[in-house]
Every structure is written in structure tokens, then in C-alpha cells.
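Subject: Structure handover

Hello,

Here is the structure we talked about. Please open it beside this note and follow along.

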Amino acid sequence: MASRTNTKILKTLKYGSYNEIIDEIQTLPINPIDITQILSERFPHILPRTLGSIYGQEYQRKTKRHFQKHCSSEISRIYYNKYKKEVNNKSKPGIILRFAEEIDLSPWLLARSILEQFLLNLNQTTESMKQQISKLMKDTSLIKDKTLAFEVYLCILHDDNYGPYADIIKYSFGHEYECKLRTILQNQGLAFIEEIQMRDKGYDKTPDFKMEVPFAIDGFIVNWIESKASFGDEENHQNYLKDQFWSYWNRFGSGMVIYWFGYIEELDVNKQKGIILRSDLNPSDIVKMDPSTI
């Protein structure tokens, strides 16, 4: 394993470095348990949480790209029949997990597809199929076939990049880093209001923090801050600009986006227009307004 000693640890990346990571991810099986360790050995100069975030984003894109290929009605029936054959052969638990690895698909998504075929075979019409599947995926103990219930449960446990566990992890990271940012602002004595307060005032699109009194970073005025507990790649950043950041800029003026797990450096091109990117907020970089100059 490459040593990190005396090595500069990076969060922000050039496009070339980012593409090297993506190329490496493309060679890996989907959802390996030790993915962060694998990538850290290959890229010891990059923070593990940055590598983990990049992998998670690419994993979700890959899953969405392959959804139709693997989850059509015809293919789902083939997968379900293969699952039943393995059960009848008394294969050891983890059938769907091993199958997901074999076809390079999200375990959660494959489990959901097989569960859907199971319910179709039962001809249950008490409620919509979509609602019923969602309920059973949330509580696998409700699945009547206990072997299938355990198989689905294993898939949910092992898939932390797609499905409900991925959503929980993402929410937890988001909350953690919003708390971190709030603490920094409070410790600096900066006045601000938060998203929930702004929504109470009737704003429809709101940043995480709106400064009551702006401050400056590297000569740029910051009226608002958006906290993103993820890596800022091109696809996500462009979507955020369209759906969120330009709306904040239009309502509140210039502001700052913090991608806590880093970002592609070439994306930071809107400084002069009023949106700057950072991977942290260093209190020593904050320049407060001096009332004596007014």
C-alpha cells in the first residue's frame, strides 16, 4: 500500500485527476465492501471521503444507466426464475447478493425486481404494486416468503450506495456538515438565518444559511452559503446551478458553495458573476465588515 507520509492530501481535483479515478472505478466490480481502501491504495494523495463520494456518484449513475437493461419485465422474470432455482437447490444465503455481483447491478435494485416478480406470481391486488413493494422493502419481515425476506434484507444491508441506506447516509452527512458550518459561523459571531426560517417567511428556494450581515472571502462578498456534503462533479454542479445556486444569486446576491468532499477545480468559473466554490470554511479566511469604515 502506498504511504501517505509527507504526501499532500487533496480534496479539489483537476479534470485529469478526476477522470483517472473514474477510469479506475470502471474496472471495479459494483459495490465492493472495501471500495474506499481499494481507491485509497491507488490514489493515496486524495482524501478517502473524496474518493468515496466520487465512487458513490458514479455508482448511482451506472445503476440508472443499466436500469432498463436489467429491470424490464422479461429480464426480471429470468432473474426471478434463476433465483427460485438456486433456492430449490438449497444454495447458501446471499443468493441475490452473489447474483447482483455477477451481473454488476445494485443489490437493492435486483432484490426489488425479484420481489416484484414474487408478488406478481401471487396475483395480489389489494393495493398498487408500487406501494406494496415500497412497504415490503422498508420492512422485509412483512414478506410472506421468509427465505426471500432474508435475501432482500441482506441486499438492503450490503448496498450503501443505492436505495434507502444510501439516502440515510447522505442525509446524515448533510446534517453533520450543516452543523459544522453553523458552529463555525456562530463561533465567528456572524449573524445569519437558516433555511427553515426563510421558508417560514415565504421563500420557495432557500440556501442553507443567509447572512444577515455579509462577510468576505478572498475579496468576494458572501451573502449566502450552501453546504453540500458531497464531491462537486460537473453533472451535479451544473444541475445545482440551474435548480438552486442561480436562484439564490438572483434573490440574495453573491454567495458561496461548500463542497465538503471537494470538487473539480475547473468548475469554479463563476467567481466574477458571484458564486464561489470552496471545500471548507477556514475561520482565518473570513473578513468581517468593519463598522468604523461606514
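The largest pocket has a lining of 45 residues. Nearest its centre lie S53, A166, K170, A229 and S230. Please keep in mind that this is a predicted model.

The space in this pocket comes to about 1300 Å³. Which elements supply at least two residues each to its lining? They are α2 (35–42), α3, α10 (164–187), α11 (195–200), β3 and α12. Helix α3 gives the most, with 11 residues. Sorted by class, the lining holds 16 polar, 15 charged and 14 nonpolar residues. Domain 1 (12–68) and domain 3 (174–288) each contribute at least three residues to it.

Now the chain as a whole. It has 294 residues, and 46% of them count as buried. There are 12 helices and six strands. Along the principal axes, the C-alpha atoms fill a box of roughly 80 × 50 × 30 Å.

Next, the salt bridges. The count is 14. One of them pairs D233 with R61, at 2.2 Å from N to O. Why does this pair tie together parts that are 172 residues apart in sequence? D233 sits in the loop between β3 (220–228) and α12 (234–252), while R61 belongs to helix α3 (residues 48–65), so the contact links those two places. Both side-chain partners, D233 and R61, are buried. For R61 the relative accessible area is 14%, and buried means under 20%, so R61 falls in that class.

A second bridge joins E226 and K228. Their closest N and O atoms are 3.4 Å apart. Are these two residues buried or exposed? E226 is buried, and K228 is buried too.

A third example is K271 with D268, where the closest N and O atoms lie 3.6 Å apart. The two partners fall into separate burial classes. K271 has 31% relative accessibility, so it counts as partly exposed. D268 has 13%, so it counts as buried. Some bridges also share partners: E58, R61, R65, D233 and E235 are joined into one network this way. R61 and D233, the pair described above, are both members of that network.

On to the cysteines. How many disulfides does the model contain? The count is zero. Take two cysteines for reference. C155 has 0% relative accessibility and therefore counts as buried. C179, at 27%, counts as partly exposed.

Two backbone angles deserve a look. D104 is not a glycine, yet its phi is positive, near 60°. D104 lies in the loop between α6 (95–103) and α7 (107–122). Its relative accessible area is 22%, which makes D104 partly exposed. The other case is D218, also not a glycine, with a positive phi of about 50°. Where is D218 found? It is in the loop between β2 (209–217) and β3. D218 is exposed, because its relative accessible area is 53% and the class begins over 50%.

Last, two distances, both C-alpha to C-alpha. K288 and I217 are 71 residues apart in sequence and 9.2 Å apart in space. K288 sits in the segment after β6 (286–287). With a relative accessible area of 44%, K288 is partly exposed. The second pair is R61 and L10. They are 51 residues apart in sequence and 24 Å apart in space.

To pull the threads together, start with α3. This helix gives the most residues to the lining of the largest pocket. R61 lies in α3 as well, and R61 is one of the residues in the salt-bridge network. Then turn to β3. This strand also supplies at least two lining residues, and the loop holding D218 runs between β2 and β3.

Best wishes

Definitions and conventions. Residues numbered from 1 in each chain as written. Predicted model: local features only at pLDDT ≥ 70, side-chain atom pairs only at ≥ 80, totals over all residues. Heavy atoms only, no water. Salt bridge = Lys/Arg side-chain N within 4 Å of Asp/Glu carboxyl O. Helix = DSSP H or I, 4+ residues; strand = E, 2+ residues; numbered from the N terminus. Buried < 20%, exposed > 50% of the residue type's maximum accessible area, 1.4 Å probe, protein only. Disulfide = S-S within 2.5 Å. 1 Å grid on protein atoms, 1.4 Å probe; cavity = no way out; pocket = protein on both sides within 12 Å on 5 of 7 lines; lining within 4 Å. Points joined across faces, edges and corners; volume = space filled by probe spheres on them. Nonpolar A, V, L, I, M, F, W, Y, C, P; charged D, E, K, R; others polar. Domains from an automatic or database assignment.
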